[in-house]
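User: I should like to learn how to read salt bridges, cores, pockets and cavities from a structural model. Please take one feature at a time.

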Amino acid sequence: MVACMPPLPVRLHMFSTGSMTSALGGFLEGEHGDLTYPVPMFVIEHPSGLVAVDTGLHPDLARDQSRLGPLESVFRVRLPADGSGTAGALLRSSGIDPDDVEQVVLTHLHFDHVGGLVEFPNARVVVQAAEWAARDDERMVSRGAYNPSDIDHGHDRVEISGDHDLFGDGTVTCLLTDGHTAGHQSVRVRTETGTFVICGDCCYLRRTLVDEHLPPFGVNRERQVAAIRRMAVEESRGATLIFGHDPGQWDVFARPE
């Protein structure tokens, strides 16, 4: 008789590929001053394979910020010049080979979420179909919102529409939270230590959630509010929300136990 083995645990690893500084008013409309904040990426260890959620900044930004194009004057990027802060380097320092990552879930296609995609050559990209279609919007490309050289690396791709259970077991679920962009998605992860929701940029900061204080831009403000309220429901059900770029929260995550 073969003993039934318990399922392997699902684990969530959190990384920040450097940091950026920009106007606080870009996060909370009408606010003044600057904000310095993390650029997160995540890796999920699942019994069926490794999954990355977002990929952080492009490695070239450690040496040259001109690839930001029109956004070079908007964002000040801090990425170690020795390459130690890139997605690949961070994973390898934690014992994870980026070549072994089988899927990359992209919350959306802005440069600080897809720049490190080039470091995951064997991964299949999981993206909302509406977001992938928006990457061809010439107006958004001209403004620097989408940079084709960050995105087009020939990866296999799965385009989804709406919520999607990645493994069919409820542990990793893509949640449609559009409004910030045409096809923004968040990711719920059920681990051995609790449930986490990677908000992405549908909810930049805790203040975004508590005050429903939107940024000055986005493709649909009504949908942005709906996405924020969806995150509030997730939190009310016991999930820990991981906000898109909240420096105070990230400091807590990074604090040694």
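User: Is Arg 11 buried, partly exposed or exposed, and what is its relative accessible area?

Analyst: The model is a predicted one. Burial is read from relative accessible area, where under 20% is buried and over 50% is exposed. Arg 11 has a relative accessible area of 38%, so this residue is partly exposed. The side chain of Arg 11 meets that of Glu 192 in a salt bridge, with an N to O distance of 3.0 Å.

User: Why does the pair of Glu 192 and Arg 11 tie together parts that are apart in sequence?

Analyst: The reason lies in where the partners sit. Glu 192 belongs to the loop between β10 (185-191) and β11 (194-200), whereas Arg 11 belongs to strand β1, so the pair ties together parts 181 residues apart in sequence.

User: Which residue forms a salt bridge with Arg 76, and how far apart are the closest N and O atoms?

Analyst: The partner of Arg 76 is Asp 34, and the closest N and O atoms are 3.4 Å apart. This pair, too, links distant parts of the chain: Arg 76 lies in strand β4 (residues 76-78) and Asp 34 in strand β2, 42 residues apart. Arg 76 is partly exposed at a relative accessible area of 42%, while Asp 34 counts as exposed at 52% relative accessibility.

User: How many salt bridges are there by this rule, and which residues do shared partners join into one network?

Analyst: The rule accepts a side-chain nitrogen of Lys or Arg within 4 Å of a carboxyl oxygen of Asp or Glu. By this rule the count is 15 salt bridges. One of them joins the side chains of Arg 157 and Glu 159, at 2.9 Å from N to O. Arg 157 has a relative accessible area of 38% and is partly exposed; Glu 159 counts as partly exposed as well, at 38% relative accessibility. In addition, salt bridges with shared partners join Asp 60, Arg 63, Arg 67 and Asp 150 into one network.

User: How should a nonpolar core be read, and which members of the largest one touch the most other members?

Analyst: One may begin with the members that have the most contacts and then ask which elements supply the core. The largest nonpolar core has 25 residues, and those touching the most other members are Leu 91, Val 101, Val 104, Leu 109 and Phe 120. Elements giving two or more residues to this core are β2 (34-46), β3 (49-53), α1 (87-93), β5 (101-105), β6 (124-128) and α3 (129-134). Among these, α1 gives the most, with three residues.

User: Which residues does Leu 91 touch, not counting those up to four places away in sequence?

Analyst: With those sequence neighbours set aside, Leu 91 touches Phe 15, Met 41, Val 43, Ile 96, Pro 98, Val 101 and Phe 120.

User: How much space lies in the largest pocket, and which residues are closest to its centre?

Analyst: A pocket is open, unlike a cavity, from which the probe cannot get out. The largest pocket holds about 600 Å³ of space. Its lining has 25 residues, of which Leu 71, Phe 75, His 110, Tyr 204 and Phe 217 are the closest to the centre. Two or more lining residues come from each of β1 (11-23), α2 (111-114) and α4 (138-142), and β1 has the largest share, with three. By class, the lining consists of 13 nonpolar, eight polar and four charged residues.

User: How many cavities of 30 Å³ or more does the structure hold, and which residues line the largest cavity?

Analyst: There are two such cavities. The largest has about 50 Å³ of space, and its lining is made up of Pro 40, Phe 42, Asp 54, His 113, Ile 198, Cys 199, Gly 200, Ile 242, Phe 243 and Gly 244. The largest share of this lining, three residues, comes from β11. By class, six are nonpolar, three polar and one charged. The second largest cavity has a volume of about 40 Å³; residues including Asp 201, Tyr 204 and Ile 228 line it.

User: Where is Asp 54 found, and what is its phi?

Analyst: Asp 54 is found in the loop between β3 and β4. Its phi is near 60 degrees, a positive value in a residue other than glycine. With a relative accessible area of 2%, Asp 54 is buried. Glu 212 also has a positive phi, near 50 degrees, but this residue is partly exposed, at 33% relative accessible area.

Notes:
Residues are numbered from 1 along each chain as its sequence is written. This is a predicted model: local features need pLDDT of at least 70, side-chain atom pairs count only at pLDDT 80 or more; totals for chains, interfaces and linings use all residues. Side-chain values use heavy atoms; hydrogens and water are left out. On a 1 Å grid over the protein atoms alone, a cavity is a set of points where a 1.4 Å probe fits but cannot get out, and a pocket is an open set with protein on both sides within 12 Å along at least five of seven lines; lining residues have an atom within 4 Å of a point. Grid points are joined across faces, edges and corners, and a volume is the space filled by probe spheres set on the points. Helices (H or I, at least four residues) and strands (E, at least two) are DSSP runs, numbered from the N terminus. Ala, Val, Leu, Ile, Met, Phe, Trp, Tyr, Cys and Pro count as nonpolar, Asp, Glu, Lys and Arg as charged, and the others, Gly among them, as polar. A nonpolar core is a set of buried Ala, Val, Leu, Ile, Met, Phe, Trp, Tyr and Cys residues joined through side-chain atoms within 4.5 Å. Buried means under 20% relative accessible area, exposed over 50%, partly exposed in between (1.4 Å probe, protein chains only). Contact means heavy atoms within 4.5 Å.
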